[in-house]
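Visitor: Please take a close look at the charged pairs in this model, and then set them in the context of the rest of the fold. Plain description will do.

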Amino acid sequence: MEAGGPPAQEGLSSVLRHNLSQDVPAAEFPAGADWINTAEPLTMAGLRGKVVLLDFWTFCCINCIHVIEELRRLEAAFPDTLVVVGVHSAKFENESRTSQVRQSVLRYEIAHPVVNDARLVLWNTYGVRAWPTLVLIAPDGRVALEASGEHNEPLLHSAIAWLIEDAEARGALDRRPLAAIRPDTASTGPLRFPGKVLTDGERLYIADTTHHQIVIADLDGRERLRIGRGAEGARDGSASEAEFSRPQGLALDDRVLYVADTGNHLIRAVEVESGAVRTIAGTGRQGNALRGSAPASGTALNSPWDVLMLNGTLYLAMAGAHQLWSLDPARGVLAREAGSGLEALIDGPAESCALAQPSGLAADAEGLIYIADSEASAIRMFDPKTRRLTTLIGRGLFEFGDRDGPWTEAMLQHPLGIAWNSGNLYVADSYNHKIKRMDLAARTIETVAGTGAPGDPLAEPGGLSATGSHLYIADTNTHGIRRLDLVTGELIVVPVTETDE
């Protein structure tokens with residue numbers, strides 16, 4: 001969702017002097033707005049003496065998620081002079097709820113203050129037009145710089161250093177810590193924001209996303225193996241030594257479990273019996289859209305969110321590049337399957353069609369691939385034989401809702417997961433807190449679980465996997481796994497418990 005771009009670093013001091021000479025004061029935070037990670041509401045007046053960086057973001061946005069890591073590095077570089085304030089400006093209705101913003105802050109382990117700009121007061125005051133947008137405020141309260149999109153860290157680092165030096169020379173810098181900043185904490189149990197789940201009919205494979213681990217359990221939830229030492233990183237090795245960063249999608253081929261290691265921009269292969277982990281695609285750096293094919297070991301990925309094994313080929317929902325990729329594990333070759341790289345809802349041939357943050361994959365018995373295209377609130381279908389992409393449900397990037405019925409009238413809200421079972425597609429309609437069934441023959445969709453209220457009983461379900469008459473659900477914001485009986489409609493908790501062995 002990014003747009004625009006920053007000024008060049010060349011001549012940055014001149015740009016900053018010019019901007020400051022305009023004497024544009026930073027807008028005060030809206031009265032009555034909800035705050036997260038603070039003991040009390042912050043004010044711009046109370047932040048005088050600090051460099052303030054406003055991050056206009058929304059938690060659905062992959063570009064915003066990427067920028068969180070850039071902000072962490074800036075905060076570490078200027079620990080006593082920089083205050084980052086996240087200004088959450090919702091795209092989706094679900095994102096305007098403070099309770100859901102707080103969950104996303106915990107999920108992404110954000111420690112800086114966040115204000116819920118639910119009515120877009122600050123968004124409109126600053127004339128923001130894209131997520132993410134960053135506004136830099138000088139210690140004396142004047143607007144110094146604005147930049148949109150990702151990869152602004154070098155520019156912002158230089159600008160912050162200049163503002164600090166300038167303010168210190170004038171005796172206007174305050175290095176004292178802010179007592180009002182108090183990061184929220186929450187105890188979650190064995191799982192923490194699980195993103196995806198997979199079953200082979202005998203075991204559950206769970207992406208324990210914010211614990212940075214993979215869990216293998218029995219169908220009743222009894223844990224058999226926990227893979228990853230629990231610290232965020234990218235190390236290969238044994239189950240107890242390996243590291244992940246916010247893993248999501250899972251796919252199984254014989255005794256190898258493939259993992260979309262989203263935060264690391266990697267694809268990992270896990271030996272199911274031993275838990276040994278090795279990297280098979282990616283460099284650990286964030287890449288761009290792919291054209292044609294490329295070697296897996298030397299090609300940078302961009303937030304792979306789900307994986308699907310189909311006829312010996314591993315398909316990748318490349319959320320950050322808005323594309324569908326494939327990986328030949330035997331040859332070690334990546335290829336672009338669908339998507340120009342533009343974030344949009346455009347059907348047609350593989351090279352010219354467009355996706356919008358694809359986040360879930362499934363395949364039917366005929367080998368057709370179904371995609372939960374989250375930012376377009378859409379369900380898409382890709383035919384690997386004809387190499388064409390078709391929209392089944394969805395209207396565009398800003399057309400969303402909660403409506404069952406014929407596909408032509410149906411509306412979803414940021415679906416993240418999808419599963420095929422016996423002629424039906426099951427959709428994790430994540431921001432509507434529901435599971436829906438798409439009848440592929442009748443071309444209709446209906447709700448089969450969830451009321452639409454977060455936590456009653458579902459809260460932003462992110463992953464689905466079906467076996468027989470059961471659908472397993474990674475219910476992200478309740479930190480748990482649910483099982484839905486597709487015959488009776490009964491929805492129960494699968495209590496994940498550590499083994500005593």
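**Charged pairs and their surroundings**

Guide: Arg226 and Glu223 are both buried. They also form a salt bridge, with 3.1 Å between the closest N and O atoms. This is a predicted model, and every value here is computed from it. Side chains of opposite charge can pair when their charged atoms come close. The cut-off used for a salt bridge is 4 Å between a side-chain nitrogen of Lys or Arg and a carboxyl oxygen of Asp or Glu, so the 3.1 Å of Arg226 and Glu223 falls within it.

A search of the whole structure gives 32 salt bridges. One of them joins Arg102 to Asp184, whose closest N and O atoms are 3.1 Å apart. Arg102 belongs to helix H3 (residues 98-107), while Asp184 sits in the loop between helix H5 (153-169) and strand S7 (196-199), so this pair ties together parts 82 residues apart in sequence. Arg102 counts as partly exposed because its relative accessibility is 30%. Asp184 is partly exposed as well, at 28%.

The pair of Arg387 and Glu337 has its closest N and O atoms 2.8 Å apart. This salt bridge links distant parts of the chain: Arg387 is in the loop between strand S23 (378-383) and strand S24 (388-393), and Glu337 is in strand S19 (residues 333-338), 50 residues apart. The two partners fall into separate accessibility classes: Arg387 is partly exposed at 27%, whereas Glu337 is buried at 11%. Elsewhere, salt bridges with shared partners connect Asp402, Asp404, Asp429, Lys434 and Lys436 into one network.

The loop that holds Asp184 starts after H5, and that helix is the next place to look. Its 17 residues should span 24 Å at 1.5 Å a residue, and the C-alpha atoms at its ends are 24 Å apart, so expectation and model agree. Buried residues of H5 include Glu153, Leu155, Trp162, Leu163 and Ile164. The buried residues of this helix pack against helix H1 (12-21), helix H2 (62-77), strand S2 (51-57), strand S3 (82-88), strand S5 (133-137) and strand S6 (143-148). Just after H5, Gly171 has a positive phi of about 70 degrees.

Further along the chain is an open sheet of four strands in the order S11-S12-S13-S14, with antiparallel pairing. Strand S11 (250-253) and strand S14 (277-281) are its edges, each pairing on one side only. From one strand to the next the twist averages 30 degrees. S11 and S12 run antiparallel and are joined by four bridges; Leu252 has Leu257 in S12 as its bridge partner. The hairpin of S11 and S12 has two residues between the strands, and there Asp254 takes a positive phi near 60 degrees. Strand S12 (residues 256-261) is joined to strand S13 (residues 266-271) by six bridges, again in an antiparallel arrangement. Asp261 is bridged to Leu266 of S13.

Asp254 leads on to other backbone exceptions. Most residues other than glycine have a negative phi, and most peptide bonds are trans. Ser303, not a glycine, has a positive phi of about 50 degrees. Its place is the loop between strand S15 (293-295) and strand S16 (304-310), and Ser303 counts as buried because its relative accessible area is 3%. His479 likewise has a positive phi, of about 60 degrees. The loop between strand S31 (470-475) and strand S32 (480-485) holds His479, which is buried at 17%.

Cis peptide bonds come next. Trp131 and Pro132 are joined by one, with omega about -15 degrees, and Pro132 lies in the loop between helix H4 (121-125) and S5. Asp456 and Pro457 are joined by another, with omega about -5 degrees; Pro457 is in the loop between strand S29 (444-449) and strand S30 (461-467).

For the chain as a whole, the secondary structure is five helices and 33 strands. Its radius of gyration is 23 Å, which agrees with the value near 23 Å for a compact globule of 501 residues. The C-alpha atoms fill a box of roughly 70 × 50 × 45 Å along the principal axes. Of the 501 residues, 59% count as buried. Among contacts between residues at least 6 apart in sequence, 55% join residues at least 24 apart.

Methods: Residues numbered from 1 in each chain as written. Predicted model: local features only at pLDDT ≥ 70, side-chain atom pairs only at ≥ 80, totals over all residues. Heavy atoms only, no water. Buried < 20%, exposed > 50% of the residue type's maximum accessible area, 1.4 Å probe, protein only. Expected span 1.5 Å × (residues − 1). Contact = heavy atoms within 4.5 Å. Pairing = 2+ DSSP bridges. Axes fitted to C-alpha atoms, helices over the stretch in contact; angles between N-to-C directions. Rg over C-alpha atoms; globule rule 2.2 N^0.38 Å.
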